[in-house]
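Open the model in your viewer and colour it by chain. Keep a selection panel at hand. The stops below say what to pick and what is there.

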There are 2 protein chains.
Amino acid sequence: MNTKPKILITNDDGIYSDGIYALWEALSELGDVSVVAPSTEKSAAGHAITINNILKVKNVRRQGGFKGWAVSGTPADCTKMAVKEILDFKPDLLVSGINRGSNLGNNIIYSGTVSAATEGAILNIPSIAISLDSHVVDSWENSKEAAKDIAKHVLKNDLPKGTLLNVNVPSCSPDNLKGIKVTQQGAQYFKDEFEQRINPSKGTYYWMKGEIVDTDTSLEFDGRAVAENYISVTPIHFNLTDKSFLEDLKGQFDG
Amino acid sequence: MNTKPKILITNDDGIYSDGIYALWEALSELGDVSVVAPSTEKSAAGHAITINNILKVKNVRRQGGFKGWAVSGTPADCTKMAVKEILDFKPDLLVSGINRGSNLGNNIIYSGTVSAATEGAILNIPSIAISLDSHVVDSWENSKEAAKDIAKHVLKNDLPKGTLLNVNVPSCSPDNLKGIKVTQQGAQYFKDEFEQRINPSKGTYYWMKGEIVDTDTSLEFDGRAVAENYISVTPIHFNLTDKSFLEDLKGQFDG
């Protein structure tokens, strides 16, 4: 009897990235892993889906037995395609990542990594997004351990319908890692500006650039927890209603 | 003394769409309108931003005195570019739309229209997304009136920091319109599937297709309100923390 859990993995850095390979290695110890991921990098894709263009799928093989399907669309497309078209079973768990670079605070709304997991939650699959707080990756070890631990936890405890976990792993050495902290989405944001440049034909163009700003001081919030070497686990959902303002607004329009 | 409000308008259907022209006409009666919108259609762009490619801006003029800036990026890029680079003032109000097609229930997470307004809220500008519940538009009149009324309301009453309004207008005749209903994000979703086709070279490709499903029965929810000819106004925010599950999850990891 095969009781191994069926795990779907995806990401936004693309099927050829190091992060999804590390995730595949880690989760292959837990279950049967299927990989369906974008054919190219789709960072900052937000929750885009492809409705005005075609989607293509091709088989990919990498070293060590890694095989999967590359989809020409966005991370959200990948989750939809995997569940509705490619796989002939419903996964027990979806894990998106391991993203190169954190997805913390307000910045999660831009995240393709998170959107792929959100799509999993929409499809009633327990889902996790996992990101490493570094763009220059020396080691995936902390992230692999975190992915395994939290995947095991979710397989055992399940998640409420419509809720997913946004996990961020600090880039410290394993010795300095302080453990898991359950957090709220904090105030971290990307303070962006535009750099104007001139092309060889004297035309003007722009690059978005900027820096991450985080004013949170409490470990209750995701960015602060990661800065202090905790693995941050934030339960998020996709009901955007601002319930704290709802009654007030009703009063404004009824009054 | 010029006390006219400064209003920024944008959208996801692009600067040449009918909907943004209708919005420009409507809001020009209220204030000084600046238009910064995508150069081409960006429907279902979600909250994507352009970080790995350049952005270009060009001046656009249409009939009737409509002029604006076309940005080569996403709706969220347009809001950022407008506020940080193109305009030399901070707008008093941002309105995104008028979108051809509703943005209701769970489907708002895919919406470029909503994401442009969300970006406005992030930048501390009172922001509104407005969509018409029809893809075949006979008349923009209801939407223009709704845009004006709700824009006036927000200019007068302001919005809490971090909260925006998601407005959806039914496609009924003005006579059948029942007024404004303040609602919550409901359960409406797009039940998607993939249609497989074969290209002339015998390769396989897919189109996403599907239908909108709405199981809500109460006027408390956005989709139901619009179906019953109310203008739905939903206060939304971008803090995705599922607070109802937070303490439970803390208990799981601490216990």
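## Start with the pair

Superpose chain B on chain A: a rotation of 180 degrees with 0.0 Å of shift along its axis does it, at an RMSD of 0.0 Å. The two copies are therefore related as by a two-fold rotation axis. Both copies use the same surface, and 100% of the contact residues of chain B recur in chain A.

Bear in mind that this is a predicted model. The predictor gives the complex an ipTM of 0.93 and a pTM of 0.95. Chain A averages a pLDDT of 95, and 99% of its residues score at least 70.

## The interface

Now select the contact residues. How many residues of chain B are in contact with chain A? There are 54, and they meet 54 residues of chain A. On the chain B side, the elements that give two or more residues are α2 (75-86), α3 (112-122), β8 (180-182), β9 (189-198), β10 (204-213), β11 (231-237) and α6 (243-254). Which of them gives the most? It is α6(B), with six residues. Colour this side of chain B by residue type: 29 residues are nonpolar, 17 polar and eight charged.

Stay on α6(B) and show chain A beneath it. The helix lies across β7 (163-169), β8 and β11 (231-237) of chain A. Its direction is at about 160 degrees to β8(A).

## The sheet of chain A

Hide chain B and show the strands. Nine of them form an open sheet, in the order β3-β4-β2-β1-β5-β6-β7-β11-β8 (chain A). The pairing is mixed. Go to the edges: these are β3 (57-61) and β8 (180-182) of chain A, each paired on one side only. Look along the sheet for the twist. Neighbouring strands are turned by 25 degrees against each other on average, direction ignored.

Zoom in on β2 (residues 32-38) and β4 (residues 67-71) of chain A. The two run parallel and are joined by four bridges. Pick Ala37(A) there; its bridge partner in β4(A) is Ala70(A).

Next, select helix α1 (residues 18-28) of chain A. It lies across β1 (6-10), β2 and β5 (93-100) of chain A. Against β5(A) it runs at about 140 degrees.

## A hairpin in chain B

Switch to chain B. Select β3 (residues 57-61), which is joined to β4(B) by five bridges in an antiparallel run. Lys58(B) has Ala70(B) as its bridge partner in β4(B). β3(B) and β4(B) form a hairpin with five residues between them. In the turn, find Gly64(B), with a positive phi of about 75 degrees.

Then turn to the parallel neighbour. Strand β2 (residues 32-38) of chain B is joined to β4 (residues 67-71) of chain B by four bridges. One pair to label is Val36(B) with its partner Trp69(B) in β4(B).

## A covered helix

Select α3(B). Is it mostly covered or mostly open? It is mostly covered: 11 of its 11 residues are buried. Among them are Val114(B), Glu119(B) and Ile122(B). Show what surrounds the helix: the cover includes β1 (6-10), α2, β5 (93-100), β6 (127-132) and β7 (163-169) of chain B.

## Unusual backbone

The last stops are about torsions. Most residues other than glycine have a negative phi, and most peptide bonds are trans.

- Gly97(A) to Ile98(A): the peptide bond is cis, with omega near -10 degrees. Ile98(A) is in strand β5 of chain A.
- Gly97(B) to Ile98(B): this bond is cis as well, and omega is about -15 degrees. Ile98(B) is in strand β5 of chain B.
- Ala44(B): phi is near 60 degrees, a positive value in a residue other than glycine. Ala44(B) sits in the loop between β2 and β3 of chain B.
- Asn124(B): phi is positive, about 60 degrees, although the residue is not a glycine. Asn124(B) comes just after α3(B), in the loop between α3 and β6 of chain B.

Which of these two loop residues is buried, and which is exposed? Ala44(B) is buried, because 22 other C-beta atoms lie within 10 Å, and 20 or more are needed. Asn124(B) counts as exposed, because it has 11 C-beta neighbours inside 10 Å, and the limit is 12 or fewer.

Notes: Residues numbered from 1 in each chain as written. Chains lettered and ligands numbered in written order. Predicted model: local features only at pLDDT ≥ 70, side-chain atom pairs only at ≥ 80, totals over all residues. pLDDT = per-residue confidence, 0-100. Contact = placed C-beta atoms within 7 Å. Nonpolar A, V, L, I, M, F, W, Y, C, P; charged D, E, K, R; others polar. Pairing = 2+ DSSP bridges. Axes fitted to C-alpha atoms, helices over the stretch in contact; angles between N-to-C directions. Least-squares fit on C-alpha atoms with pLDDT ≥ 70 in both.
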